[in-house]
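Let's walk through this structure together, strand by strand and then out to the helices. Keep the 3D view open and turn it as you read.

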Amino acid sequence: MVSMKDIADKCHVSVATVSKALNDLDDIAPSTKKRIRDTAKKYGYHPNGSARTLKTKRSYNIGVLFVDKGRSGLTHDYFALVLDSFKREAEESGYDITFISAGARGMTYLDHSRYRGVDGVVIACVDFDDKDVLELINSDIPVVTIDHVFDNRIAVVSDNIAGMRDLVEYVHSFGHERIAYIYGDDTAVTRNRVASYYNTMRKLGIRTDDNYAIASAYRDPKLAGEYTRQLLDMSNRPTCILYPDDYSAIGGLNAIEEEGLSVPDDISVVGYDGLYVSQIMRPRLTTYEQNAGEIGRIAARSLIDLIRDPKGTLIEKITVSGRVLAGGSVKNIKG
């Protein structure tokens, strides 16, 4: 079995330097760190987890708390992309991933985090008002949240305000003013998007009809279809409908087709998230692509920095921009 001393001899460095490189510490040259890590990989060296935990007082294990309302788990396309990026970044820094849950053995999220001995936790897509979530947020365990902001925790958020503004401005540039918005569950993300919708419409000089704004749910094509029919039945129906996510937009498209109408000739449709499926359907969906990979990467990097240097890591909100993906679902109705 290859030892740390063997790696040190092959790289002509001290055992201490090998230890620093394998633990991804910053007080050695990047070129030396890479050479040592490449050598360790080449000769199949793996540090003993128990020994490393005793020495460093870390488990090199990060908890992931993810419980969306639809209980879709890792079939949730957008957050699956975020968490995959998070996982890859964490693993490259030598950390393993453990999913945190509640209920088993009567444990809370905090209990389970302590039971698993995680060094930190990333929290995404949960009810952030849940008392068990707040208990974890306010504990001494390093935490990073995704798409929700607490004063005492690092948050990585998609730029939902800019995203909705860009979408409204985009469809308006095609001549649309009767713009409806079927939006998602009542969360901080939704509240920001709805406020941005109203604010952008006002800045564009468009009088907003409150009947055009309908509370729905995320990733619920059936419900989105029902509300789409409600909008289609209006005497002054909208010329464009915005949806909370791409799956909901597909539900809207189906409802429009079932009513004997076509997209975009009779009505325009816009999604949100920029999922792969939205770009292979016909018509290709105009949507807002959130940078899921960057969100996951930054969340992992921020949490690892917080674990390694809790006093020197800034507690901040990090906003990640996305972009409008122009498809074929918006018609130009300019005179």
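In this predicted model, six strands form an open sheet with parallel pairing, and their order is 2-1-3-4-5-11. Strand 2 (96-99) and strand 11 (317-320) are the edge strands, each pairing on one side only. If you look along the sheet, you will find neighbouring strands turned against each other by 20° on average, direction ignored.

Let's step across the sheet from strand 1. This strand, residues 61-66, runs parallel to strand 3, residues 120-124, and five bridges join the two. To find the register, pick Leu 65: its bridge partner in strand 3 is Ile 123.

The next step takes us from strand 3 to strand 4, again a parallel pair, joined by four bridges. Here Val 122 has Val 144 of strand 4 as its bridge partner. The connection is worth tracing too: strand 3, helix 7 (residues 131-137) and strand 4 make up a β-α-β unit that is right-handed.

Strand 4 deserves a pause. Which way do its side chains point, and are they buried or exposed? Val 143 and Thr 145 point one way, Val 144 and Ile 146 point the other way, and all of them are buried. On its far side from our walk, strand 4 continues to strand 5 through three bridges, with the two strands running parallel. Thr 145 is a handy marker here, as it stands opposite Ala 155 in strand 5.

Now for the helices. Helix 12 (residues 292-308) packs on the sheet and touches strand 1, strand 3, strand 4 (143-146), strand 5 (154-158) and strand 11. The direction of helix 12 makes about 165° with that of strand 4.

Helix 6, residues 109-116, is our last stop. Its buried residues include Tyr 109, Leu 110, His 112 and Ser 113. Why do these residues lie on the same side of helix 6? They do so because they cover an arc of only 165° around the axis. As a reminder of the geometry behind such patterns, an α-helix has 3.6 residues a turn, so residues three or four places apart point the same way. And what covers the buried residues of helix 6? The cover includes strand 1, strand 2, strand 3 and helix 7, three of these elements being ones we met on the walk between strand 1 and strand 4. Just after helix 6, look for Gly 117, which takes a positive phi of about 65°.

How values were computed
Residues are numbered from 1 along each chain as its sequence is written. This is a predicted model: local features need pLDDT of at least 70, side-chain atom pairs count only at pLDDT 80 or more; totals for chains, interfaces and linings use all residues. Side-chain values use heavy atoms; hydrogens and water are left out. Two strands pair if DSSP finds at least two bridges between them. Axes are lines fitted to C-alpha atoms, for helices over the stretch in contact, and angles run from 0 to 180 degrees between N-to-C directions. Contact means heavy atoms within 4.5 Å. Buried means under 20% relative accessible area, exposed over 50%, partly exposed in between (1.4 Å probe, protein chains only). A crossover is right-handed if, with the strands pointing away from the viewer, the path from the first strand over the helix to the second runs clockwise. The arc is that of the directions from the helix axis to the C-beta atoms.
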